[in-house]
2 protein chains.
Amino acid sequence: MALILDGRRIARTLSWRHRDEIADIQRRLGHPLTLAVVRAGKNKASASYLGQIEKLCRRVGMEYQEHALSASDREQFIGRICSLNVDPRVTGIMLSWPLPSEWDPELVAMTLDPRKDIDGLHPLNAGRVFLGGQFLGMEAFVPNTPAGVIYLLRNYDITLSGKHAVLIGRSNVAGRPLAALMIAHDATVTVTHSRTVDLPSHTRQADILLVAMGRPQFVTPDMVKPGAVVVDIGINVTPGGLVGDVQYDEVSEVASAITPVPGGIGPVTNAMLVANTIRAARLQSTVA
Amino acid sequence: MALILDGRRIARTLSWRHRDEIADIQRRLGHPLTLAVVRAGKNKASASYLGQIEKLCRRVGMEYQEHALSASDREQFIGRICSLNVDPRVTGIMLSWPLPSEWDPELVAMTLDPRKDIDGLHPLNAGRVFLGGQFLGMEAFVPNTPAGVIYLLRNYDITLSGKHAVLIGRSNVAGRPLAALMIAHDATVTVTHSRTVDLPSHTRQADILLVAMGRPQFVTPDMVKPGAVVVDIGINVTPGGLVGDVQYDEVSEVASAITPVPGGIGPVTNAMLVANTIRAARLQSTVA
């Protein structure tokens, strides 16, 4: 049976450390750290996610603001982002996804102050991640999901250097930056996606299999090399509850280590949002 | 015997087209397009490269400026970049590599106006490439080498979608952006490098093998799958002359198509520099 990679445990430890760091920074700044979320319209899935983030902010001693704007007024939405950009009391800004489908997400992301872009959406931050995850000696704002994957693997002392990591998925928030980070960590990296021919022939070669496709329980045990580390980044709402992209029980019989869903990557990802907000505070003030 | 992928022929055709485009833009702007190269100190290899670029600029009707600055004064170097940034007569700025080893190349690249950064060095441009090669509907400034590779492959109608592309090398000017572009073109992409274990086991799987490691004639026929397309991005000066990273004669017996060195990727890469300067002109003026 595979080792269960317990994201909840890691996130708990991180939240204690973050609470101390945030209290310390707040003392020196003279005001609290604030995470501002900007959303357009309503969405059930994102409301539940934002609820988690709000709870987490409270736990680590950070203020949480939710800016609920109309889905029919893009200028007002961008105007709010720009107000938050220049507001010195706001440490980090997060956009709630999805944006209305008729808005250009790249244009909206470009309006974020890169120093407050804790989700790493601005192309300036994406470029820094792409160029190795560091820039001018500073850690870049890595999008939370890939940051969480790397953090979890390293926390379990799983070697990345020289390993063959195979990714399923190439999204801008998960697959692409995760590939860049795995390359920076000296893994040999294969990126597969919807156009890949004979997917199992690739996944079966993986020492580390990273799955971020958003298809419930797609990865079956015959797609996994015995002894592989399997990281399930998918979160799918099904009639039977929350499931990942991997058939957890069956793949556990083959893998040497595996992340459950829920309780795997998700909690670590949320903790990375806090870590990025702390990083943003340090980037914005020399006393933080 | 493999089809020879003739970069000189493609570059010649491109230079005719570029000459017409540049003449047309110049007419509308009322002044010539200018490529400014900034270099610190002297370097024999880069002097020969800059000689090629100057000749190419003359051929396509573009002005070429070479700014030779001291290798011991970084502030003066950056000051010159910033003067060129704001000079409306300068269309594109290229830094000559290598920079003095004690200078931080990231800091220098950050001082470039992203709209004149025809080498795609600024992280803002790197980020745009990373996020798929397009941004807000505009083509990004793709570094010349990966842009040249994609251009050459497409010019020969070599299908990228669904193909397994294996790269050797992960530099910020070749391997990394080329991986991003191949993913954007729907290839399944494996990135290998100096830390890869059992490199031939990866290269032998490649439908398209892209070699950018800078080790003369490293790739031998036994590393190549019969029928593969082999792109040699290496340029190595040896006592026997200029050679690539691939054993050309021997690999030609195995591959279905191959780029020679010289006369393969090099000339197309130079043409991409001109294409990016034209793109920069259009980005800077609505009449261009």
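This report walks through how two chains share one sheet and how they meet in a predicted model.

**Two copies, one axis**

Let's start with the overall arrangement. A turn of 180° with a shift of 0.0 Å along the axis lays chain A on chain B, with an RMSD of 0.0 Å. The two copies are thus related as by a two-fold rotation axis.

Within chain A, the domain assignment gives two parts: domain 1 covers 32-118 and domain 2 covers 144-265. Taken over C-alpha atoms, the centres of domain 1 and domain 2 of chain A are 28 Å apart.

**A sheet built from both chains**

Now look for the strands. An open sheet of 12 strands runs in the order S1(A)-S13(A)-S10(A)-S9(A)-S7(A)-S8(A)-S8(B)-S7(B)-S9(B)-S10(B)-S13(B)-S1(B), and its pairing is mixed. At the edges are strand S1 (3-4) of chain A and strand S1 (3-4) of chain B, each of which pairs on one side only.

As a reminder, strands of a sheet pair through backbone hydrogen bonds, either parallel or antiparallel. Both kinds appear in this table:

| Strand pair | Sense | Bridges | Residues standing opposite |
|---|---|---|---|
| S8(A) and S8(B) | antiparallel | three bridges | Val189(A) and Val191(B) |
| S10(B) and S13(B) | parallel | two bridges | Val229(B) and Ala257(B) |

In chain B, strand S10 spans residues 229-232 and strand S13 spans residues 257-258.

**Helices across the sheet**

Which strands does helix H7 of chain A lie across? This helix, residues 175-184, lies across strands S7 (164-168), S8 (188-192) and S9 (208-211) of chain A, together with strand S8 (188-192) of chain B. Helix H7 of chain A runs at about 165° to S8(A).

Helix H7 (residues 175-184) of chain B also packs on the sheet, touching S8 of chain A along with S7, S8 and S9 of chain B. The direction of this chain B helix makes about 165° with that of S8(B).

**Where the chains meet**

How many residues does the contact take from each chain? There are 28 residues from chain A and 28 residues from chain B. On the side of chain A that touches chain B, the elements giving two or more residues are helix H4 (105-110), helix H5 (123-130), H7 and S8. H5(A) provides the largest share of that side, six residues. Sorted by class, the side of chain A that touches chain B has 12 nonpolar, nine polar and seven charged residues.

Finally, 100% of the interface residues of chain A are also interface residues in chain B, so the copies meet through the same surface.

Technical notes
Residues are numbered from 1 along each chain as its sequence is written. Chains are lettered from A and ligands numbered from 1 in the order in which they are written. This is a predicted model: local features need pLDDT of at least 70, side-chain atom pairs count only at pLDDT 80 or more; totals for chains, interfaces and linings use all residues. Two strands pair if DSSP finds at least two bridges between them. Helices (H or I, at least four residues) and strands (E, at least two) are DSSP runs, numbered from the N terminus. Two residues are in contact if their C-beta atoms, placed from the backbone, lie within 7 Å. Axes are lines fitted to C-alpha atoms, for helices over the stretch in contact, and angles run from 0 to 180 degrees between N-to-C directions. Domain bounds come from an automatic or database domain assignment. Copies are superposed by least squares on the C-alpha atoms of residues with pLDDT of at least 70 in both. Ala, Val, Leu, Ile, Met, Phe, Trp, Tyr, Cys and Pro count as nonpolar, Asp, Glu, Lys and Arg as charged, and the others, Gly among them, as polar.
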